[in-house]
Amino acid sequence: MSTEASASSSDFIKNLGKMYGTYTGGFILFILLLAAMEQFGVPNRILGYLFVFFTLAVYAIIGVMTRTAQVSEYYVAGRRVPAFYNGMATGADWMSAASFVGMAGTLFLLGYDGLAWVLGWTGGFVLVSILIGPYLRKFGAYTVPDFLSFRYGGNFARSLGVIVLVACSFTYVTAQIYGTGLIASRFLGMQFELAVFAGLVGILLCAMLGGMRAVTWTQIAQYVVLIIAYLTPIVILSTKKYGIPIPELTYGQAIAEITAREQQMVATGLATVAGLKPHISPFINYSPLNFFAIILCMMVGTASLPHILMRYFTTPSVREARQSVAWSLLFIFLLYFSAPAYAAFSKLEVYTNIIGANVSALKPWIFNWGELGLIQICGKNAGSIDAIVAACKAIAGHPGVVRLQDFVINTDVIVLSTPEIAGLPYVISGLVAAGGLAAALSTADGLLLAIANALSHDVYYKMIDPNAPTMRRLTVARALLVVVAVISAATAATKPADILAMVGWAFSLAMAGNFPALVMGVWWKRTTSTGAICGIIAGFGLCLFYLVVSRYFPGAGVKFFGMTSLLNPVTGAPLVDVAKAMALPNAMESFPTLAHPLANKVGWFNLNNIACGLLGTPLGFAVIYVVSLLGKEPSKEMQDYVDEIRKPRGRTVLEEKTT
Amino acid sequence: MPDSANLKQREEAHWRKTTRLMLTHLGIWFFFSFIIHMFVTPLNKIVIPILGFPLGFYMAAQGSLIVFVVMLFIFARQQDDIDREFGFAEDD
């Protein structure tokens with residue numbers, strides 16, 4: 001029986017290329033089929049439904065086919081995912097709705113300063129490979145708290161690890177489910193709340209039956225969908241405009257044209273010098289400190305996020321774990337180095353065909369998004385020509401053409417509207433929606449699994465009932481998965497206001513809580529349990545304190561903790577008059593809305609709260625170092641274990657019972 | 001006894017080399033993550049011929065990213081060579 005199983009599994013690995021090759025070909029045929037159907041007059045709504053249901057059905061089928069009742073399959077996919085495929089799965093795990101839908105829009109709005117996110121969300125993989133990932137693979141953990149517990153003396157360190165993991169993964173997964181709901185509601189016309197729960201069913205189908213094993217093979221399928229969906233519109237656009245199908249090369253010309261147009265707009269009075277943010281000028285939206293702080297926090301956060309680290313537990317060897325990190329970044333790079341091209345092409349289109357155009361002669365695609373409130377012209381939703389003309393007339397001295405200051409666009413629109421801007425058939429829009437959905441679902445899968453695994457493996461099995469039989473452990477894992485998913489969907493359905501900021505916070509929290517303890521645990525044998533525990537508490541605590549106070553208790557921050565207003569990056573003037581805001585009756589309000597004059601606008605050293613990891617992480621390192629030196633050296637046995645982790649050869653340090 | 005002393009020596013030498021490799025790559029990473037972008041304004045005055053990108057913008061949008069990808073493949077290779085040299089690599 002066992003030989004039969006292993007023979008069929010090695011066949012499975014050998015046939016991966018053929019299987020996913022066929023799948024990719026099938027997906028392309030499916031797109032062509034839908035394109036043909038569109039030509040024959042099948043309505044757009046039907047095409048949209050077909051796209052979403054076909055892709056969801058494929059994910060569900062993979063999930064059912066790869067269901068498992070084995071612990072090691074459930075937690076680490078049996079540790080036999082080849083480097084190349086694990087890289088692809090990590091790519092899908094990593095690239096979320098924020099990357100797929102939001103990134104290009106951020107670059108559109110912020111220009112050069114937006115590149116802090118592009119850099120921050122790629123360079124971190126260097127740290128994963130060099131400092132942490134392969135060593136955790138050699139250690140043989142199922143979860144990140146597993147390592148903390150073993151290295152730092154037991155369940156107290158384990159529970160700290162679980163707290164950090166849940167804190168950063170939960171905020172992150174809520175954002176993904178929110179993104180799923182947004183895409184489904186826009187393209188399928190479903191109600192937002194309903195769409196959230198529909199997306200949730202999709203997620204659960206993949207993750208519940210097969211754990212890591214199912215999520216891995218689904219994520220690869222999702223990567224194929226999302227990368228085809230992301231690249232197709234701009235490849236077509238680039239070919240149309242410049243005759244070369246490589247947008248990453250041709251958008252240099254678009255940038256040159258944008259810069260020329262910016263000067264022209266100022267010269268002709270379409271934009272003011274103060275209102276224009278030149279696309280290539282640095283440090284207009286972020287001060288240099290905040291620009292580099294965001295890069296650092298996102299990079300180090302990458303190397304500390306449990307749902308990313310655990311992907312490298314699934315490779316057959318330490319060597320393949322390292323290669324796999326390189327493949328991951330290559331697959332991620334394909335999307336991230338294309339995002340600035342989206343931003344440049346859209347900006348050029350907006351600057352040349354909208355700004356300076358007569359308000360009564362705007363193109364119809366604008367109104368589709370204007371109706372949803374995502375594009376505003378002259379301060380009103382651009383729902384129809386009459387609405388815009390009336391709104392602009394109401395502004396005293398309006399010249400009758402759209403000026404830069406009249407035009408406001410939601411960042412999510414950039415990627416989703418590119419097919420329409422380029423005048424492409426609807427099938428491409430449907431494809432983009434399916435891609436966005438794949439990005440959101442795959443990340444949500446990975447995050448939910450990380451949370452549920454920590455709760456079932458670390459809390460239930462390791463801390464509550466170490467004698468639990470396999471079946472019960474897996475049942476608990478699945479039940480917890482459903483519970484966590486429902487709670488996060490319920491949170492997402494309330495549409496919390498600062499959903500995107502929360503993604504940034506997740507990185508800072510992971511960085512401050514995990515990074516010092518993980519790195520020192522491998523690279524410095526002298527690190528003691530007490531040192532690491534104090535370091536996690538101090539670093540994570542400071543980061544959490546800084547962002548909770550500056551966001552939710554800004555009045556108290558100013559009054560008791562010496563916080564001051566953040567500064568405008570261009571003029572250096574304070575963003576708010578703190579003295580005046582403190583005199584207002586609502587100054588000391590707790591949990592204020594974003595409209596509160598002080599919320600997110602106060603802090604220490606002019607540091608954005610997204611980058612709170614910059615405060616917590618150095619403190620974490622310092623505390624671990626000092627407290628470790630004060631205590632007794634770790635046992636000879638523990639130091640030998642650390643030596644073992646450093647050598648790829650040999651058995652894993654931690655041997656899990658698998659039956 | 002000589003065997004275990006020998007093992008200890010190999011472990012230490014292996015870790016010294018690994019540490020040196022780590023520091024080298026962290027140095028390159030630091031340069032392309034931070035240092036080069038501090039000079040974005042002067043670099044933007046240089047325009048890449050034919051493509052038309054200002055160099056400072058290009059480095060943040062593509063240049064550094066390409067460096068990261070390439071260095072990860074090289075790192076995986078180099079670390080594996082070190083592991084093999086001291087006999088600590090896994091069987092192929």
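Me: Which residues is A:L226 in contact with, leaving aside its neighbours within four places in sequence?
Reply: In this predicted model, and with those sequence neighbours set aside, A:L226 is in contact with A:A92, A:M95, A:F100, A:G435, A:A438 and A:A439.

Me: And which residues touch the most other members of the largest nonpolar core?
Reply: A:L226 is one of them, together with A:I294, A:C297, A:L448 and B:L72, in a core that holds 234 residues.

Me: Which helix of chain A gives the most to this core?
Reply: That is helix α10 of chain A, spanning residues 192-242, which contributes 25 residues to the core.

Me: Why does the core lie between domain 1 and domain 2 of chain A?
Reply: Because residues from both domain 1 (23-126 + 157-287 + 318-347 + 422-499) and domain 2 (357-402) of chain A go into this core, it lies between the two.

Me: What does the second, separate core include?
Reply: The second core has seven residues, among them A:V558, A:M563, A:V578 and A:L598.

Me: Switching to domains, how far apart are the C-alpha centres of domain 1 and domain 3 of chain A?
Reply: Those centres lie 35 Å apart, and domain 3 of chain A covers 555-600. Seven residues of domain 1 of chain A are nevertheless in contact with five residues of domain 3 of chain A, and on the domain 1 side of chain A the touching residues comprise four nonpolar, two polar and one charged.

Me: Where does pLDDT stay under 50 in chain A?
Reply: That applies to residues 1-5 of chain A, for which the model has zero contacts beyond four places in sequence, whereas chain A averages a pLDDT of 88, with 97% of the residues scoring at least 70.

Key
Residues are numbered from 1 along each chain as its sequence is written. Chains are lettered from A and ligands numbered from 1 in the order in which they are written. This is a predicted model: local features need pLDDT of at least 70, side-chain atom pairs count only at pLDDT 80 or more; totals for chains, interfaces and linings use all residues. Domain bounds come from an automatic or database domain assignment. Two residues are in contact if their C-beta atoms, placed from the backbone, lie within 7 Å. Ala, Val, Leu, Ile, Met, Phe, Trp, Tyr, Cys and Pro count as nonpolar, Asp, Glu, Lys and Arg as charged, and the others, Gly among them, as polar. pLDDT is the predictor's confidence in each residue, from 0 to 100. A nonpolar core is a set of buried Ala, Val, Leu, Ile, Met, Phe, Trp, Tyr and Cys residues joined through C-beta atoms within 7 Å. A residue is buried if 20 or more other C-beta atoms lie within 10 Å of its own, exposed if 12 or fewer, and partly exposed in between; C-beta atoms are placed from the backbone. Helices (H or I, at least four residues) and strands (E, at least two) are DSSP runs, numbered from the N terminus.
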